[in-house]
Amino acid sequence: MDTQTLQVLDYFRVRDRVAEFCITEEGRAHLTERLPVPEGMEGLKEEAAEWTRYLNGGFPAAITPWQPVETVFRHLTTAGDTLTPEHARRLLFFCRAVSIFAGRIRGLSRNSGEYAPQPTGTFPSLAARAASLPSLAEQEAHIARVIDRDGAIRDLPELRAIRKSIEKISRDIDDAIKKHLAANGVAFQSNVPVLRGGRQVLAVKAPHRGKIRGIIHEVSQSGQTVFIEPEDVVQKSNDLTQEQFRLDREIRRIMQELTAAISPGHDNFCTALETMIRLDCTLAAARWGIETNGIFAENARYGAALIGARHPLLGRGAIPIDLCFDAGKRVIIISGPNAGGKTVAIKTFALLALLNQSGFPIPAAEGTALPCFSQVFADIGDGQSIDLSLSNFSAHVKNIARFLRSAGEGALVLLDELGSATDPQEGGALGMAILDTLIAHRTFVLVTTHHGALKNYGWTKKECVNASVEFDRQALIPSYHILPGVPGESLALDMAKESGLEAATVEKAWAYLDSGLSDVSALIRGLTERLAEADCLGKELAAREKKLEEKSLKVEEKAVENRLRETELRDALFRQERQFWDEKRNALENLVRELREGEITREKTKKVKQFFADIQADTDRLKNELNTPDLSIEPSNEIMQPDDKTNALDPPLIPALAPGVEVRLKSLRGSGVLLRPAARGAWVVQAGSVKLTADEADMTAIAPPANAAMPLPVSVEYAPEGFAVRHPVLELRLLGMRTRDALKALEQQVDLAVIHGMGEFAVIHGKGEGILQQAVRDYLGACSAVKTWCFAIPEDGGAGKTWVTMRLS
């Protein structure tokens, strides 16, 4: 990425703020060196997103601090080098940090060594990192045997005797010093011994130095004080020095053995450190995202959309903005008054894109989607330089020339005040030529300008879109919101008057304004008003759509009630039929048993005939009792309004008998729908959930209401060839059908549902071996007209029945 651009966009300032959330110095140092890249940051974003869920879940801290250890690792590979106790203490804390992280994420209890029920399944990336960490348990055990938590050498057996000897000699020296002080109190400048060369001496007054026999270590500058080590203390101090040297030598031996013991784990240390630093950095990104209420941007395959974006350096007072590259658009030209927020808007877009490509969350709203830009360039600010003999205009042109040489497809270029600092006409022409070149390079461009020529350019180029910053003309206060599709007025004269310029001067400026410019301003104001009207119309349409959805929901609820009612009636019918045939089966079994016992007499023959006559009579009676009401759904008057051209006084036409025609059955005192012809003069009729055969003489066709849709039969099986079902059904039965025929029937049902606007229907395929069930679900999954599908509830058929919801809009 271009370093100058990163500096201009304040990328380094924001990155350093993120680094402050690191727990360790090494993590902070690593993060402050991170730069945005065109690709490869998805893994970091996934880990940071999981850290965010981990922190919000209230789990215990998984990363604990450790002091820098990278330099300590070098002592493990240098021949003859030995770790110091301080080095060992740092390694101990690092080993424990690795162990704690692995234990937290894996759910491992360090005390029991058993897995606790931690939700590691919700953190797959962190769990993968924990699994990849090498075990440092052996190295940790070696170090913990020698070093305690404070970094001191433990009281090992080989050191215990030496330390006791040192303590005894030190007490003897203290006792000897106290005796001298007590016996010759007036001879001393102080009753407290002092150290000279690491040995305890007495500060003796010069006139009394003969009273203390010993070695003179030092004389004060005034000559009034002589520092003497008494004779009886000299030997003890010599013994103390020897014991301390012996202790140091033993400690050095122990540290050499410790160094040799953990040196083979050098590669494991390096691998673990790399992983832990990465985890610390992703944890810092998550903590910064929570602090700034940020989100992780989605990957945009086409265009870019920044929703509710806030500049991270503006704090909580930042005004959220929306800025989007729609499909096919490459250039956004933002215009409007000075101090309206144009430059901040394009800087916010580019900065958040860079943060996204660094693996960081961004302060924006859900729905934000950003591509990975191959390069980001920004020409913002005054590049004038006396030392380099650069004017403001030449500095801008030099930057843009560099951009044009380097920016390719997928790059992002920011051009602030394009075409300014020179003749307006020539500057506008140069700006349009620059945009032509960048469009040819397939580069994304964000432009701010006051040039009317560039605003007009935005209207004439299909790759461009105009936008403006919202501004209150009455109060001359910006709202900082971005208005897409409409260029903005500069309002230079109004702003000049508000800033303190004399009114007379401003009036002269108005007088000098060219009429063409006035016409452009009026056009912009008109477009702004049209945009406001369009917004109002959009809100009104949204309200109407919501009302229609509510009405549609009522119709669907009514359909559900009808389905439940039909299910109840069907269950009652099945129970009644089952009871009827159970009774008849028992009677038949008794009759057969009587016939087998003994001879067949006239009485037995008569009884058999009477049995079959009773069955026929009971069957006719049962058919007359089963008068199932019509459960078809009538169109809602609230949604389907009658056609104005329909004459309500026209007599209804009685249709001829044909498949799909509704008829009135005289014997059943109910209605049904004709399915297909049966024998001569008879039809198969669907009466609710019951199919039966009826004579033409027993039925009368019913004229449909004017402008009303044909009622939908509740259930139907797939029709044979030569008969086309003209309406979708609420329940399609595929039981007993071959897979090919079943899918053909399902395809016909879906087509009819789309044509007639049916939102939902059921498919009964049964369970069996699951072949037909799977074929139906495979078809529904590949059908673009189907929105969702699911098994029915257990009491409604369970896995043998699938409810299908259509995509009607």
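Lys 801 is buried in this predicted model, with a relative accessible area of 4%. Its side chain meets that of Glu 731 in a salt bridge, with 3.1 Å from N to O. Lys 801 belongs to strand β24 (residues 801-806) and Glu 731 to strand β21 (residues 731-733), so the contact ties together parts that are 70 residues apart in sequence. Glu 731 is buried as well, with a relative accessible area of 4%. Elsewhere, salt bridges with shared partners gather Glu 158, Glu 250, Arg 253 and Glu 257 into one network. The count of salt bridges comes to 25.

Helix α6 is a helpful place to look further, beginning with its length. The helix comprises 22 residues, 85-106, and at 1.5 Å a residue it should span 32 Å; the C-alpha atoms at its ends are 31 Å apart, which agrees. Just after α6 comes Gly 107, whose phi is positive, near 75°.

Two salt bridges illustrate how α6 makes contacts. In one of them, the side chains of Arg 90 and Glu 86 meet at 3.3 Å, N to O. Both residues lie in α6, four residues apart, which is about one turn of the helix. An α-helix has 3.6 residues a turn, so residues three or four places apart point the same way. With 23% relative accessibility, Arg 90 counts as partly exposed, because buried residues must fall under 20%. Glu 86 is also partly exposed, at a relative accessible area of 35%.

In the other, Arg 96 pairs with Glu 140, their side chains forming a salt bridge of 3.7 Å from N to O. This pair links distant parts of the chain: Arg 96 sits in helix α6 and Glu 140 in helix α8 (residues 137-146), 44 residues apart. Arg 96 is buried, with a relative accessible area of 18%. Glu 140 is buried too, and its relative accessible area is 12%.

Aromatic contacts come next, and the structure holds 14 aromatic pairs. One of these again involves α6. The ring centres of Phe 73 and Phe 94 are 6.3 Å apart and the ring planes meet at 65°, so the pair is edge-to-face, a class that calls for an angle over 60 degrees. Phe 73 lies in helix α5 (residues 70-77) and Phe 94 in helix α6, so the pair ties together parts that are 21 residues apart in sequence. Phe 73 and Phe 94 are both buried.

A further pair is formed by Phe 373 and Phe 444, whose ring centres are 5.6 Å apart; with the planes at 75°, this pair is edge-to-face. Phe 373 is found in the loop between β9 (369-370) and β10 (376-379), while Phe 444 is in strand β12 (residues 444-449), so the contact ties together parts that are 71 residues apart in sequence. Phe 373 counts as buried, at 0% relative accessibility, and Phe 444 is buried with a relative accessible area of 8%. Ring pairs also link Trp 51, Tyr 54, Phe 59, Phe 101 and Phe 123 into a cluster.

Finally, charges and rings come together in two places described here. The charged end of Arg 196 is placed over the ring of Phe 227, 4.5 Å from the ring centre. Arg 777, in turn, lies over the face of Phe 791, and the distance to that ring centre is 4.4 Å.

Note on methods:
Residues are numbered from 1 along each chain as its sequence is written. This is a predicted model: local features need pLDDT of at least 70, side-chain atom pairs count only at pLDDT 80 or more; totals for chains, interfaces and linings use all residues. Side-chain values use heavy atoms; hydrogens and water are left out. Helices (H or I, at least four residues) and strands (E, at least two) are DSSP runs, numbered from the N terminus. The expected span of a helix is 1.5 Å times one less than its number of residues. A salt bridge is a side-chain nitrogen of Lys or Arg within 4 Å of a carboxyl oxygen of Asp or Glu. Buried means under 20% relative accessible area, exposed over 50%, partly exposed in between (1.4 Å probe, protein chains only). Rings of Phe, Tyr and Trp (its six-membered ring) pair if their centres lie within 6.5 Å; planes under 30 degrees apart count as stacked, over 60 as edge-to-face and the rest as tilted. A charge sits over a ring if NZ of Lys or CZ of Arg is within 6 Å of the ring centre and within 35 degrees of the ring normal.
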